[in-house]
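Biologist: Please take one part of this model and go through it closely. I would like to know what surrounds it, what it contributes and what comes after it.

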Amino acid sequence: MNKKFIQVLKKDYPEFCFKLGKKFAFRPPKTIILGPDEPYYELLSLHELSHAILKHRDYNLDVERLKMENAAWDKAKELANHYRIKIDEDLIQDQLDTYRNWLHQKSRCPSCGLTRFQTPDGEYHCPRCEAFIKLS
Ligand SMILES: [Zn+2]
Ligand SMILES: [Zn+2]
């Protein structure tokens, strides 16, 4: 496994807590979950580490989440250069596409298919259906 690489990260970032898990994730504020061994292990680890470095927190707005994912990948690229890890743009775009699709699916109104908007409380609203409710 990539034990050596993880040891380096632990040494460079003693303020964070690295744990092994089923999949790569970041648990605010300081816990980085490292997934199973796979070809992009280093890059995915750096991505989760980037969320921690950038102090990402919970979010209400899904568009904010997409911004965080972009920012975390930018930071991960910087770290990859530092640790001399190969950057795979395809992997990064695939990962971002997953979020883009997820956002698209989530924002679609289940009744009429129109793109809904999200208010700061995290609720989605359909401009067509909700206007209709108000009128009736
Ligand atoms: Zn992420
Ligand atoms: Zn609707």
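Modeller: The buried residues of helix α2 pack against five elements: α1 (3–12), β2 (25–27), β3 (31–34), α3 (62–82) and α4 (89–107). The model is a predicted one, in which local features need pLDDT of at least 70 and side-chain atom pairs count only at pLDDT 80 or more, while totals for chains, interfaces and linings use all residues. Residues are numbered from 1 along each chain as its sequence is written, and chains are lettered from A and ligands numbered from 1 in the order in which they are written.

Some terms come first. Helices (H or I, at least four residues) and strands (E, at least two) are DSSP runs, numbered from the N terminus. A residue is buried if 20 or more other C-beta atoms lie within 10 Å of its own, exposed if 12 or fewer, and partly exposed in between, with C-beta atoms placed from the backbone. Two residues are in contact if their C-beta atoms, placed in that way, lie within 7 Å.

Helix α2 itself covers residues 41–53, which makes 13 residues. From its first C-alpha to its last it reaches 18 Å, close to the 18 Å expected at 1.5 Å a residue; the expected span is 1.5 Å times one less than the number of residues. The buried residues in α2 are L43, S45, L46, H47, E48, L49, S50, H51 and A52. An α-helix has 3.6 residues a turn, so residues three or four places apart point the same way.

Several of these residues also belong to a core. A nonpolar core is a set of buried Ala, Val, Leu, Ile, Met, Phe, Trp, Tyr and Cys residues joined through C-beta atoms within 7 Å. The largest one here has 12 residues: L9, F26, I32, L34, L43, L46, L49, A52, A72, W73, A76 and L79. Two or more residues of this core come from each of β3, α2 and α3. In soluble globular proteins, nonpolar side chains tend to be buried together. A52 is one of the core residues, and, leaving aside neighbours within four places in sequence, A52 is in contact with F16, F26, K30 and I32.

The packing of α2 with α3 can be described by its geometry. Their axes are 8 Å apart and meet at an angle of about 115°; axes are lines fitted to C-alpha atoms, for helices over the stretch in contact, and angles run from 0 to 180 degrees between N-to-C directions. The crossing is right-handed. A crossing is called right-handed if the near helix is turned clockwise from the far one by less than a right angle, and left-handed if anticlockwise. On the α2 side the contact is made by L43, L46, H47, L49, S50, H51 and I53, and on the α3 side by M68, A72, W73, K75, A76, L79 and A80. Sorted by class, this contact has 10 nonpolar, 3 polar and 1 charged residues. Ala, Val, Leu, Ile, Met, Phe, Trp, Tyr, Cys and Pro count as nonpolar, Asp, Glu, Lys and Arg as charged, and the others, Gly among them, as polar.

On the side of α1, I6 can serve as an example. I6 lies in helix α1 and counts as partly exposed because 17 other C-beta atoms lie within 10 Å. I6 and E42 are 36 residues apart along the chain, yet their C-alpha atoms are separated by 8.5 Å. Apart from neighbours within four places in sequence, I6 is in contact with F18 and L34.

On the side of the strands, P29 lies in the loop between β2 and β3. The peptide bond from P28 to P29 is cis, with omega near 5°.

What follows α2? K55 comes after the helix, with a positive phi near 55°, although K55 is not a glycine. K55 is placed in the loop between α2 and α3 and counts as exposed because it has 9 other C-beta atoms within 10 Å.

A similar backbone value turns up beyond α3. R84, in the loop between α3 and α4, has a positive phi near 55° and is a residue other than glycine. R84 is exposed, with 7 other C-beta atoms within 10 Å.
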